[in-house]
Amino acid sequence: MDKIKWCTGKKEGLSLIEPNSNLANAYIQKAEEALESMRVNIIKDWKISTAYYTIYFSLYAILTKIGIKCEIHSCTIEFAKRFLKDYFQESEVDFMEKSLKARVDSQYYIDRTVPDEQYHKMMQKTPEFLVKCKSVIIKLNEKKINEIRDKFQRRS
């Protein structure tokens, strides 16, 4: 089944809302706060969680700027994979997906460990990801937003 179709069929899944720059800025603020928590935390599991939420809030800021609502994290990432190809490379989407898995594994499971390579990648790349998302928000003009919204409406 098409993941976007599945996501639009779920109550908390992908849906169109009014584009909102103020809300986008509020999510960027949340991302910055999560990043600061990542930096000051000393416990690995919490560093992973706060790094992931920096990534997630950064991405979600873009969605709110476009006017997309979603409460299912994997659907938010799927939206980026399908509709934000002009802004994110495949390797960056892969980073988002692996970071989500790392957060789930570290937060909800005692018997799962996050590989050191993924942990170090999150610590290194998360600040860069936030900067990238801020840049994307700046580049999103009304024409681009409408193009993305139209593509989403046609494919969902």
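## The disulfide

The link of C7 and C75 is left-handed, with -85° about the S-S bond. This is a predicted model, and a search of the whole structure finds 1 disulfide. The bond runs from C7 to C75, with an S to S distance of 2.1 Å.

Where do the two cysteines sit along the chain? C7 belongs to helix α1 (residues 3–9) and C75 to helix α4, so the pair, 68 residues apart, links distant parts of the chain.

## Helix α4 against helix α5

Let's stay with α4, which spans residues 73–83. This helix packs on helix α5 (residues 90–108) at an angle of about 170°, and the two axes lie 10 Å apart. Because angles over 145 degrees count as roughly antiparallel, α4 is roughly antiparallel to α5.

On the α4 side, the contact is made by H73, S74, I77, A80 and K81. Their partners from α5 are V93, M96, E97, L100 and R103. Sorted by class, this contact of α4 with α5 has 5 nonpolar, 2 polar and 3 charged residues.

## Helix α4 against helix α7

Helix α4 also packs with helix α7 (residues 142–155), here at an angle of about 105° and with the axes 11 Å apart. Angles of 65 to 115 degrees count as roughly perpendicular, and α4 and α7 are therefore roughly perpendicular to each other.

Which residues meet here in α4 and α7? From α4 come F79, R82 and F83, while α7 brings I148, K151, F152 and R155. By class, the contact of α4 with α7 holds 4 nonpolar and 3 charged residues, with no polar ones.

## The largest pocket

Now for the empty space. Rolling a probe the size of a water molecule over the atoms reveals where such space is left. In this model, the largest pocket holds about 150 Å³ of space.

The pocket is lined by S91, E92, F95, K121, K125, E128, F129 and K132. Two elements, α5 and α6 (116–139), each give two or more residues to that lining. Helix α6 supplies the largest share, 5 residues. How many residues of each class line the largest pocket? The lining has 5 charged residues, 2 nonpolar and 1 polar.

## Pulling it together

Helix α4 turns up in several places: C75 in α4 is joined to C7 by the disulfide, α4 runs roughly antiparallel to α5, and α4 lies roughly perpendicular to α7. Helix α5, for its part, packs with α4 and also helps line the largest pocket.

Technical notes. Residues numbered from 1 in each chain as written. Predicted model: local features only at pLDDT ≥ 70, side-chain atom pairs only at ≥ 80, totals over all residues. Heavy atoms only, no water. Axes fitted to C-alpha atoms, helices over the stretch in contact; angles between N-to-C directions. Helix = DSSP H or I, 4+ residues; strand = E, 2+ residues; numbered from the N terminus. Parallel < 35°, antiparallel > 145°, perpendicular 65-115°, else oblique. Contact = heavy atoms within 4.5 Å. Nonpolar A, V, L, I, M, F, W, Y, C, P; charged D, E, K, R; others polar. 1 Å grid on protein atoms, 1.4 Å probe; cavity = no way out; pocket = protein on both sides within 12 Å on 5 of 7 lines; lining within 4 Å. Points joined across faces, edges and corners; volume = space filled by probe spheres on them. Disulfide = S-S within 2.5 Å.
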